[in-house]
Amino acid sequence: MLKIKTPKTQRAARALEKRAPKLVENGKKTLILHGTKTSGVLNDVLTQIYHLKRGNAVKYTKKNKEIRPFESGGETSLEFYSLKSDCSLFVFGSHSKKRPNNLVLGRLYDHHVYDLVEVGVENLKPMESFMYDKKLAPKIGSKPFFAFIGEGFESVEELKHLKEVLLDLFRGEVVENLNLAGVDRLYVCTAISQTTVFFTHCALRLKRSGTTIPRMELVEIGPSMDFVVRRHRLPNDSLKKEAMKTASQQSKKQVKNVSRDVVQGKIGKIYMPDQQVGGMALSNDIKGLKRQRREAKMKNSAKEDQAKKRKTDS
Amino acid sequence: MEAEKFQIDLGNLMAYDPSHHFPSLPDSREELTRKCLERGTELVQAVANALFSLPSSEDPDGPIVTLPEPTTKLPREKHLPKPKPPTKWEQFAKMKGIKNHKKDKRVFDEQTSTWKRRHGYDRVNDDKDIPIIEAKPTDEPGEDPFAKRKAEKKQRVEKQEKNRLQNLKQAMKAGALPSHVQLAATALPITGTKTEVPEKANKQELENVAGMAAAATASGGKFDKKLPGEKPAKHPGKYRKFLPVVEGKGLGSQEKQQTDKILNKLMSQSSHDILDVNKAVSMYNVKAEKRRKHEKEKGASSSNSGKLKPKKKSFKKSATKKSSKKSAPKKH
């Protein structure tokens, strides 16, 4: 006979609920980890990506000997970590003589590797080296803008893939409502050659333009670096087909008896049936019916009064 | 408009400029950055133009717009949740057309003549509240009706638990187990999609394993103590059968039959090998050639015997080649 395991606490139940597959998904979490060897540059890159993704990323600091995403069998522990931390994006850094400053960006579907892009990092300019007004610094978790520049993103297979992965990696949660006061960051990706992408992160400054649409101004806040595409692996077709499935767009359930008014705001109509007091089932544990204590108090006070009166009389 | 040449995905706040091309890379890094940012400003302005012209609603924190769906399709994180299969009861209710209707939480209890909860602690028709159970003619003597009631209740609870488990198993097979439930007998699958209920070992498998274990001694389990009710292990192979040594009437002829059978089989198998026509023909040809050679040599030494040969040959060829009686053997 099978034994059923259910969470003992409500908190655990909620945590499991969060991880379950959903019709409309929440934002993807990113797992940041590295191989046996990393360079200083790579350490910087990983930390900075972690800072960019803060709140939606998990960073592992131990060396991982057995992770080789492109090799068969090298992804098992990666998939396990993804299951453990509930991440479906990963950034894996490794440094070797053959592939210096190597960064593997990848996505997972159902905790299995979906696709991979390998890039080399060059010309890193870390965040700390940029001087700017700290008031402009973007808030954690704000929805970023993206600007992709260059025909390479369309003509070159690798870059096309990289574009999609970068978008998935940094876009955050898909939102329905956006606060226009909260737009404050932009990622600029430029294809400068067949293999190289210049990537930078900017803050947005909204300036008055006299119209309702503000004039955008960019302030580079870093990090900025070059990605040189090395290997890449596209998802296989059947997996892709399954992963691209979306819930059939159901028409939203019509809300009855609620209307909106410009002046009054939200208006709701409530229908009250006749309250049939006679036929109502009353129980003995309704608070309003607990008279005893109050009555007892009144009785007591009446007695005392009488006693006092007697005293004064005598 | 300039925005026309950009691809804008407002759901992702993304703009893409596919037309831009660097004729030659700028020399310095600063130059490159400056150019990229210039271009980026244009793009972000294009997005902002679209974004800020969306209808917005005021909020104390700022204007809020409703974003359209992203046009760039990106893969899901996890598979779509699968619909839960209906439970046995739901199937039955659907078949019978039974519909749920709400019941009051509070019910009037006639035992205590008060209003009580339908379920749970201090509920209506609680066993505790029954002081007397009236005897019926069908009651068996010596049976405690209170204990019986209790046992029945326990059975019902157990049955319900069994049903629940069965329904959960079905849900698991469909891959639609509620997220908070884990069936402990299964190893945690790495994916949510593939789940299998482990099969129970059936009787035959168990017997096999038990037999193997029993026969794992030097004597093949011959001298082991048997447990009460244990059957001897099944012999897996065939037994050899020996034919009687002495021939008799009935069985005795079996050996002959057997050997006959084998021989026939062998003969029939190699029957096509007995006469190789090609080989035979070539052998015959070679022999004939040899003979001819031999006779030719003889004929050279003494012509007397040579006269005999053509005559023999003419036995066949006389109808066609009568004129060349002498020359024919030479040609050959």
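## A charged patch and a few unusual backbone spots

B:Asp139, B:Glu140, B:Glu143, B:Asp144 and B:Glu152 together make up a negative surface patch. Here, a patch takes residues with over 30% relative accessible area and no salt bridge, joining like charges within 9 Å and nonpolar side chains (Val, Leu, Ile, Met, Phe, Trp, Tyr) within 5 Å. A salt bridge means a side-chain nitrogen of Lys or Arg within 4 Å of a carboxyl oxygen of Asp or Glu.

This is a predicted model, where local features need pLDDT of at least 70, side-chain atom pairs count only at pLDDT 80 or more, and totals for chains, interfaces and linings use all residues. Residues are numbered from 1 along each chain as its sequence is written, chains are lettered from A and ligands numbered from 1 in the order in which they are written, and side-chain values use heavy atoms, with hydrogens and water left out.

One patch member, B:Glu152, sits in helix α3 (residues 145-173) of chain B. Helices (H or I, at least four residues) and strands (E, at least two) are DSSP runs, numbered from the N terminus.

Now for the backbone. Most residues other than glycine have a negative phi, and most peptide bonds are trans. B:Asp122 and B:Asn125 go the other way:

| Residue | Phi | Place | Relative accessibility |
|---|---|---|---|
| B:Asp122 | near 55° | loop between β6 (114-117) and α3 of chain B | 34%, partly exposed |
| B:Asn125 | near 55° | loop between β6 and α3 of chain B | 45%, partly exposed |

"Partly exposed" lies between buried (under 20% relative accessible area) and exposed (over 50%), using a 1.4 Å probe and protein chains only.

Over in chain A, the peptide bond from A:Gly222 to A:Pro223 is cis, with omega near 0°. A:Pro223 belongs to strand β11 (residues 215-233).

How values were computed: Accessible areas come from the Shrake-Rupley method with a 1.4 Å probe; for residues, only the protein chains shown count as cover. Lys and Arg count as positive and Asp and Glu as negative; His and the chain ends are not counted. The place of a charge is taken as NZ of Lys, CZ of Arg, CG of Asp or CD of Glu.
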